[in-house]
Amino acid sequence: MGRGKIVIERIENTTSRQVTFSKRRTGLFKKAKELAILCDAEVGLIVFSSTGRLYDFTNTSMKSVIERYHEAKDHHVIMSATAEAKLWQREAGILRQQLHNLQEHHLQLMGQQLSCLDVKDLQNLENTLEMSLRNIRLKKDQLMTDQIQELNTKGSLVHKENIELYKKFNCIHQENTEIKKKVHASSKILPNRDEACTSVWTRS
């Protein structure tokens, strides 16, 4: 039966942690020594335990390894900065060329700087302009169609509102007519004020 997979995480038990550190450190130093012998490599290994104790291994001199490390690191930083600067210079050159091409193409679309173009280039430029003009006309027609539809919609709404207002006006006019008729009918039924007074004096 095979061994279970070891979970790589901090060992909480102090004794177990120290035992594991000792075993792993011994194995690590053994691998470093084998690497130095088999591959003729200059190896420097530094380990600090959790208690702060130093363990190191080198097949030459630790001072020599550290000095070589700093020299290589500084050289790598310089080389990285130089490489990055060259990369940005190359990118800037590409962008400048693209900008120049766009400006030149724009001028050609405006009918300028055509002397460097041959018949094929001029034909391609003409086709591009015709296609652009066709797209512009299609866009303009679409916008005009949309505006006409919008105006028609607004006109329909205004027409409906006018019909509603006309209906309300007719209703009000009809109500006023009915009121006038009722008032006129009432005035015929009631006697005239002067006639009523004369009738009273006569009876007296």
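How much space lies in the second largest pocket? In this predicted model, the volume of that pocket comes to about 160 Å³. Its lining consists of R17, Q18, F21, R25, S49, S50, T51, R53 and Y55. Helix α1, which spans residues 14–39, supplies the largest share of this lining, with 4 residues. By character, the lining of the second largest pocket divides into 2 nonpolar, 4 polar and 3 charged residues.

The largest pocket may be considered next. About 240 Å³ of space lies within it. The residues that line the largest pocket are I6, V7, I8, E9, R10, I11, R17, T20 and R24. Here the division is 4 nonpolar, 1 polar and 4 charged residues. R17 appears in the lining of the largest pocket and also in that of the second largest pocket.

From the pockets, the description turns to the surface. A nonpolar patch is formed there by I46, F48, L54 and I66. Together, these four residues present about 380 Å² of accessible area. One of them, I46, belongs to strand β1, which covers residues 44–48. Is I46 buried, partly exposed or exposed? I46 counts as partly exposed because its relative accessibility is 45%, and the partly exposed class lies between the limits of under 20% for buried and over 50% for exposed.

Conventions
Residues numbered from 1 in each chain as written. Predicted model: local features only at pLDDT ≥ 70, side-chain atom pairs only at ≥ 80, totals over all residues. Heavy atoms only, no water. 1 Å grid on protein atoms, 1.4 Å probe; cavity = no way out; pocket = protein on both sides within 12 Å on 5 of 7 lines; lining within 4 Å. Points joined across faces, edges and corners; volume = space filled by probe spheres on them. Nonpolar A, V, L, I, M, F, W, Y, C, P; charged D, E, K, R; others polar. Helix = DSSP H or I, 4+ residues; strand = E, 2+ residues; numbered from the N terminus. Patch = residues over 30% accessible without salt bridge, like charges linked within 9 Å, V, L, I, M, F, W, Y side chains within 5 Å. Areas by Shrake-Rupley, 256 points an atom, 1.4 Å probe, with all protein chains shown as cover. Salt bridge = Lys/Arg side-chain N within 4 Å of Asp/Glu carboxyl O. Buried < 20%, exposed > 50% of the residue type's maximum accessible area, 1.4 Å probe, protein only.
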